[in-house]
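Please find below my notes on the structure, set out as numbered points for discussion.

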Protein chains: 2
Amino acid sequence: MARTQGSHSDITGPKVREAALRLFARHGYAAVSMRQIAGEVGVQAGALYNYTPDKQSLLMDLMKGHMDELIAAWEHQSSARDPMAALEQFTRFHIRFHSKRPEAVFISYMELRNLNPENFIVIEALRRTYEDVLADILRAGVNKGEFSVPEPKVAAMAVIAMLTGVNTWYRDEGRLSLAQVEEIYWGMVRKTVAA
Amino acid sequence: MARTQGSHSDITGPKVREAALRLFARHGYAAVSMRQIAGEVGVQAGALYNYTPDKQSLLMDLMKGHMDELIAAWEHQSSARDPMAALEQFTRFHIRFHSKRPEAVFISYMELRNLNPENFIVIEALRRTYEDVLADILRAGVNKGEFSVPEPKVAAMAVIAMLTGVNTWYRDEGRLSLAQVEEIYWGMVRKTVAA
DNA sequence: GTCTATAAAGAGATAGAC
DNA sequence: GTCTATCTCTTTATAGAC
């Protein structure tokens with residue numbers, strides 16, 4: 001009832017994605033109805049289908065968008081240097097990037113089950129691409145004798161799990177600043193792979 | 001259609017829990033219907049209500065059961081020793097316990113959102129209890145000068161996140177045995193908190 | 001203890017008016 | 001581009017027969 005008819009494709013589209021992001025993160029994909037999303041946007045349920053062919057595509061767009069942004073952001077800011085510097089850069093980048101997008105991160109880790117098989121394959125490949133960034137850094141450090149890591153791929157997954165875990169407890173209003181959290185985690189990561 | 005009428009309370013009860021565990025882990029709580037659970041058990045949907053007052057209680061029972069077992073298992077096997085030995089024991093215990101119950105672990109981490117507020121508080125308290133076990137070990141090691149950990153509680157969450165991450169990739173049929181995985185992770189954890 | 005049947009509500013998606 | 005209305009299906013949970 002809030003609005004009468006009108007044309008708002010340029011603003012409604014993003015609003016649909018934002019509402020879906022917020023609601024999927026809070027309640028889970030399966031628990032959120034198209035009517036709830038429409039309610040947040042301020043339109044009726046039928047109007048959503050001007051912006052997405054179906055609910056599944058909405059989820060896939062959010063997850064693929066997040067993974068593409070993550071990888072592009074790393075490629076944009078990563079500067080080739082020695083393994084130790086690259087590892088520090090990766091650690092700080094991961095914490096900062098993920099802390100700014102808690103909802104997208106949450107969805108990308110929690111809603112893999114709700115992707116249909118074709119979409120799942122795409123997202124999994126992107127996740128592996130990102131893990132391989134870190135695994136390659138670790139391998140380079142091992143070759144240079146700076147790191148001691150028996151299984152670079154396993155260590156990469158372990159470090160990423162540790163870093164992503166920040167999102168489960170970090171709050172902007174909390175006792176520790178993000179800069180302090182970065183320091184603490186960089187200290188741990190450095191030691192984890194140390195020679 | 002599979003069965004005619006009969007009395008099976010002693011076996012149907014556990015089967016309901018097992019089916020819910022499997023289905024919730026695979027598809028997510030919200031995506032699973034009581035009819036699906038009933039189908040797995042081999043009864044009609046209405047019969048489930050002899051074993052659980054509602055779907056929410058089924059989820060809560062699974063999650064609380066898992067957390068209670070986790071804490072009891074640690075208390076049963078933990079032997080008070082020096083911090084380094086306790087840390088190794090915790091590391092190996094965590095990996096072993098969690099690798100044996102991938103479905104319960106998955107549910108306990110993914111379905112927190114789907115607990116009602118009262119149930120959520122209970123599960124969160126149990127999770128904190130478990131985190132504090134590790135935080136206390138780390139504090140003891142810092143006091144003894146064996147560990148260097150600026151924030152024991154943060155480090156505890158970081159280590160637990162790293163260890164729980166094993167469940168996202170470990171498979172019994174995979175290249176690495178669980179014993180090898182234990183060795184790799186113990187090596188990393190030891191270094192992470194090293195003085 | 002399980003069945004069948006059903007109540008009451010809500011789901012995803014579409015059609016056609018404006 | 002959005003609305004209202006609706007189709008069709010599924011949901012949780014309950015009632016009463018056996």
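The points below take up a helix, a residue packed against it, an annotated domain and a cavity.

1. This is a predicted model, in which local features need pLDDT of at least 70 and side-chain atom pairs count only at pLDDT 80 or more, while totals for chains, interfaces and linings use all residues. Residues are numbered from 1 along each chain as its sequence is written, chains are lettered from A and ligands numbered from 1 in the order in which they are written, and side-chain values use heavy atoms, with hydrogens and water left out.

2. Helix α3 of chain B (residues 55-77) has 23 residues and an expected span of 33 Å at 1.5 Å a residue, which agrees with the 34 Å between its end C-alpha atoms; the expected span is 1.5 Å times one less than the number of residues. Helices are DSSP runs of H or I with at least four residues, and strands are runs of E with at least two, numbered from the N terminus.

3. Among the buried residues of α3(B) are B:M63, B:H66 and B:W74, where buried means under 20% relative accessible area with a 1.4 Å probe, protein chains only. Leaving aside neighbours within four places in sequence, B:M63 and B:H66 are in contact (heavy atoms within 4.5 Å) with B:S108, which sits in helix α5 (residues 102-110) of chain B and is itself buried at 6% relative accessible area.

4. An unreviewed UniProt entry places "domain: HTH tetR-type" at residues 10-70 of chain A, and such annotations may be inferred rather than shown by experiment. That span of chain A is 69% helix and 0% strand, with its end C-alpha atoms 25 Å apart.

Methods: Buried means under 20% relative accessible area, exposed over 50%, partly exposed in between (1.4 Å probe, protein chains only).
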